[in-house]
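Hi,

Here is the structure I promised to pass on. Have a look at it first, and then read my notes below.

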Amino acid sequence: MAPPPVLSLRQAWLTFGGEPLFRGVDLAASRGDRICLIGRNGSGKSTLLKVLAGMVTLDGGEWFLQPGTRVAYLSQDPVPDGDTVAHYVAGGLPEGAKDDTYRVGAVLDAVGLDGSLATASLSGGEGRRAALARALVGDPDVLLLDEPTNHLDVPTIRWLEAELLAFRGALVVISHDRTFLNTVSRRTWWLERGVVRTAEHGYARFEDWREAVADEEEKALSRLDTKLAAEMHWLHRGVTARRSRNMGRLRRLHALRAERVERMRRPGDLDLVAEAGTQGGKAVIEAKGVSFAYGDRVLVRDFSTRILRGDRVGLIGPNGAGKTTLLRLLIGDLAPDVGTVRLGTGLVPAYFDQRREALDPDLSVWKTLAGSSDQIDVRGQPRHVMGYLKDFQFDQRQAMSPVRALSGGERNRLLLARLLARTSNLIIMDEPTNDLDMDTLDLLEEALGDYDGTLLLVSHDRDFLDRLVTSVIAVEGDGRIDEYVGGYSDYLIQRPAVAPPTTPTPAIQAKAVRDVQPKAVARKLSYRDQRELDELPARIEALHAEMATIEATLADAGLYARAPKDFARATARLPAVQADLAAMEERWLELEMRREALEGGR
């Protein structure tokens, strides 16, 4: 029997003075649920999450929260208050535990923050980490997270994934990070055109599900008027055509990676001779024996690389390790202390300004792109402004609206439209996926996948890197930098074996390191990890039993004809059970190996 819901909506609807944002919504979340909330930019995901948190009142329907249930909510743009970070994070503790400085210190160590810092001094990324720590510190019954991975580095994201996989309460999360969603989600809520569809599987199967829904809707509406049929054709084409284009780009990406392997094996120096033509020279960047330090702190040590036209290079590493510094060295913004960096001739760079400072909030979207003209030059080809804006999912009404009226995701789409309209042969992007919705990510991925120039990309989005880059430069810290052919997953396979960290590397502060007393080395698992290790065998055994029952049910040859709904339910449930089982067994093995290593060191 499924556990009772701790949080639910029944026939819920909400409007903001116009068309309903959503209507007739029935949702329920129980302990142990890990739910991803998916939807287009502007569809109302964040508002729905606020409704679930009890922060927005429904216009109609029922909102239910089981008495005594504690809810923690992380907003998309958190603004920490209070005197210090530690004081702010302690506000997330339950009543009676406000003085639990150990729990506050532990979670602050995990997210790499100094509890003595004033909240007013925090950057946007630090503010998000503080808000995340506040949400997690109280071990709530319901956890509602809106874009929790924004501005987090990969070690912190992986730590967060482990925390959420071990979380016993109900989780509802909005995120653009596909790898993160694939890891943590086991159910999906899809908000589309005011309706919420639910599925008993995680994000890993969302694309197939979305395509199946589009096919069914197109068939159901095929007899309606031309406008509706055309709209559904566009929706369907947006799914299937994207998949076809992705396959073509994937084949091209594999070919480029194979070429990069051969080139890295080839001996000899690279001749930086310019070639004729608007593409510039074949050679883009050559770095030899580059080192760079700020005072006594070495960020780059004896690093060399060759980047040719058409290469797509991803820079990865923990926050504060030196990725942006290395990027500035490679493009000539910084001079190395030792070694040389030579740039090819004819380079025409384009920068993605994630801070959106290039946008005038008082100008319309139309004028931002084309001024007073109705034509825009797109990489040497004239296009009508409205036609070009439609490529980036803007309609006529938005084209005439001021930039200040756009959402954050829409502003990023406008920046993307400006960037890709310009003629360039080198695109430089420093963490472009922060604050982007999935639709904008898809647009960015498609545009960069078809780009013939060279790309330098700093990103923490593992799926984005896997889909785009031909090689990865890993900035590991303490000046250690290595290059690997392929994407992030290839980097994980190729890198030298290291002991996995239990917590992410804290961000390196740009200040003098304070003298601290050495901490005692842990000789056993934490209370929380030990409790999880003790409980996992029973949970694994229960999943094995459930899987055996499902497989026995599906072995009944007459089940489909006799009870098609039971057959469909069992078919849908089996992959989720298998995925949960694999995750739990992997987690048990990780904890058991850690326990043996700790106890063996006594």
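Which residue in β16 is the bridge partner of Asp377? It's Pro382. Keep in mind that this is a predicted model, so please read everything below in that light.

Let me stay with that hairpin for a moment. β15 (residues 375–378) and β16 (residues 381–384) pair in the antiparallel sense, with 4 bridges between them. The turn has 2 residues between the strands, and Arg379 there takes a positive phi near 50°. The side chains of β15 alternate: Ile376 and Val378 are buried and point to one face, whereas Gln375 and Asp377 point to the other and are not buried. That fits the usual pattern, since in a regular strand the side chains alternate between the two faces of the sheet.

Next, the sheets. One is an open sheet of 6 strands in the order β5-β6-β7-β3-β8-β9, with mixed pairing. At its edges stand β5 and β9 (195–199); each has a single partner strand, so one side of each has no neighbour in the sheet. From one strand to the next, the twist averages 15°. β5 and β6 run parallel and are joined by 4 bridges, and Ala72 has Leu143 in β6 as its bridge partner.

Another open sheet has 3 strands, ordered β2-β1-β4, and its pairing is antiparallel. Here β2 (20–30) and β4 (60–65) are the edge strands, each pairing on one side only. The twist in this sheet averages 10° from one strand to the next. Between β1 (residues 5–15) and β4, which run antiparallel, there are 5 bridges; the partner of Trp13 in β4 is Gly60. Helix α1 (residues 45–52) packs on this sheet and touches β1, β2 and β4, with its direction at about 130° to that of β1.

Finally, helix α4 (residues 124–137). At 1.5 Å a residue its 14 residues should span 20 Å, and the end C-alpha atoms are 20 Å apart, so the two agree. This helix is mostly covered, with 12 of its 14 residues buried; among them are Gly125, Arg128, Arg129, Leu132 and Val137. What covers the buried residues of α4 includes strands β5 (71–74) and β6 (142–146), along with helices α2 (85–90), α3 (101–111) and α5 (154–166). Just after α4, Asp139 takes a positive phi of about 45°.

Cheers

Note on methods
Residues are numbered from 1 along each chain as its sequence is written. This is a predicted model: local features need pLDDT of at least 70, side-chain atom pairs count only at pLDDT 80 or more; totals for chains, interfaces and linings use all residues. Side-chain values use heavy atoms; hydrogens and water are left out. The expected span of a helix is 1.5 Å times one less than its number of residues. Buried means under 20% relative accessible area, exposed over 50%, partly exposed in between (1.4 Å probe, protein chains only). Contact means heavy atoms within 4.5 Å. Two strands pair if DSSP finds at least two bridges between them. Axes are lines fitted to C-alpha atoms, for helices over the stretch in contact, and angles run from 0 to 180 degrees between N-to-C directions.
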